[in-house]
Amino acid sequence: MPHATTPDPSTLNDKIARHYETVALVLQGGGALGSYQAGVYEGLAEAGIHPNWVAGISIGALNTAIIAGNAPGARVDALKQFWATICQPGSSLRLWPPEVETHLFGTSDTYRQAFSAWYATRALVEGQSGFFAPRFPPPVGPWPLKVADASHYNTGALKSTLERFADFERINRGGMRVCVGAVNVASGNLTFFDNHEITLKAEHFMASGALPPGFPAVEVDGQYFWDGGLVSNTPLSHVLGQIPRRDTLAFQVDLWSAEGDLPSSMAQVDGRTKDIQYSSRTRAVTHYVRHDQLLRRTLREVLRHVSAEELERDPWCRIAARMSTDKRYNVVQLIYKDKPYENHFKDFQFGFNTMLDHWSSGLADIRATLAHPEWFDPPENEAGFASRDVHAPTSSDRLGPKTSTEHEAGI
């Protein structure tokens, strides 16, 4: 695993504890890219930052289980063991020793491209150890299938892997809030399984990562669920929409970048489509919450000019008072950036060496982010909302180019 050097947290932890009631780690879906999130968590842990809410979808849900299901001092090691397990191929057949593979992988992008294609091919043909395996016979032909059998792969091994690396009793004790998103196959509605509301089991996390047609729907309490990314690939809106409202710092860890180069091949078209499809929710959520926050804080400021008697008498004033807020939200984004050697199959090539590469990127990005302690100041703009991204260092907590509240609100 990447070598960790602990950064000097100076007064950052004190600032976070003083200003934020909720410190959330929000993990997007993205398959094999998910070890980037593990690297981000390692950087948070080495800086002594321990979120009190972890939320995930798809591979983010699996990382959520490992983080929440272990004591703070054991989480990084548990993530390492989990990723080392699922990044082994489904069979023990090897064409060359692991040491040779690692050496060649580190030589050039040409070798990295070749190995990436090989890792993806093996995943399709053999599956991944402790994660998924191809069905035999494959589900072809006109014959009807049970819902739980309608997929190319069987994910039965994932249940025992999650139970091996995550303590579900710890998850359900409630010291850390935990929620994962999945889609009800029958209704099409996005559902969040939350340990503040129900007792979570391995099946809830598996359901969040059950992406069809590769993986089968997972039964939970008599209903079947697919990957939450079919509706929204990030649980950010669920975290920021909590009631009662709380001053919130959210580390949003995305595995798909909305920005990218124009495609020049059909493979690149496929890859770019995934980037746009699975990244857009974060952008949409942050834009919505920013605007929503401005309206709520505007209500609060307007109500300051209303007498106490009128506030009590007028039902519309009482509704406005309930909707208004002085809470502030700070979203710190960490967005995985593609490697030159990656292709459209980057989300299902679970190679051990690419996993280490993704992990290193996450660790480097969070260290660079934490090197800007001013980004963690509560936002002082009209909306009380800020969004930062280490890959866009010139971004600010401003809503727009002008200071006019009416202009920024679109009024």
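These legends accompany an overview and several close-up views of a predicted model.

**Figure 1. Overall fold of the protein chain.** The chain holds 15 helices and 11 strands. Its C-alpha trace spans about 80 × 50 × 45 Å along the principal axes. For 411 residues, a compact globule would have a radius of gyration near 22 Å; the chain has 22 Å, which agrees. Contacts reach far along the sequence. Among those between residues at least 6 apart, 74% join residues at least 24 apart.

**Figure 2. Surface and interior of the protein chain.** Of the 411 residues, 50% count as buried. The accessible surface comes to about 18,900 Å². Carbon and sulfur atoms account for 56% of that surface.

**Figure 3. Salt bridge between E21 and K327.** The two side chains meet at 3.2 Å, N to O. E21 sits in the loop between α1 (12-19) and β1 (22-27). K327 sits in the loop between α13 (315-323) and β10 (329-335). The pair therefore ties together parts that are 306 residues apart in sequence. E21 is partly exposed, at 31% relative accessible area. This contact is one of 19 salt bridges in the model.

**Figure 4. Salt bridge between R272 and D275 within helix α11.** Both residues lie in α11, which covers residues 266-303. They are 3 residues apart, about one turn of the helix. Their side chains form a salt bridge of 3.6 Å, N to O. R272 has a relative accessibility of 14% and counts as buried, because the cut-off for buried is under 20%. D275 is buried too, with a relative accessible area of 7%.

**Figure 5. Salt bridge between D338 and K346, and its network.** The closest N and O atoms of this pair are 2.7 Å apart. D338 is partly exposed, with a relative accessible area of 42%. K346 counts as buried, at 2% relative accessibility. Salt bridges with shared partners join D338 and K346 to R272 and D275 in one network. The pair of Figure 4 thus belongs to this network.

**Figure 6. Cysteines C87 and C179.** A search of the whole structure finds 0 disulfides. A disulfide would need two cysteine sulfur atoms within 2.5 Å, so no pair of cysteines meets that cut-off. C87 counts as buried, at 5% relative accessibility. C179 is buried as well, with a relative accessible area of 0%.

Notes: Residues are numbered from 1 along each chain as its sequence is written. This is a predicted model: local features need pLDDT of at least 70, side-chain atom pairs count only at pLDDT 80 or more; totals for chains, interfaces and linings use all residues. Side-chain values use heavy atoms; hydrogens and water are left out. Helices (H or I, at least four residues) and strands (E, at least two) are DSSP runs, numbered from the N terminus. Buried means under 20% relative accessible area, exposed over 50%, partly exposed in between (1.4 Å probe, protein chains only). The radius of gyration is taken over C-alpha atoms; the globule rule is 2.2 Å times the number of residues to the power 0.38. Contact means heavy atoms within 4.5 Å. Accessible areas come from the Shrake-Rupley method with a 1.4 Å probe; for residues, only the protein chains shown count as cover.
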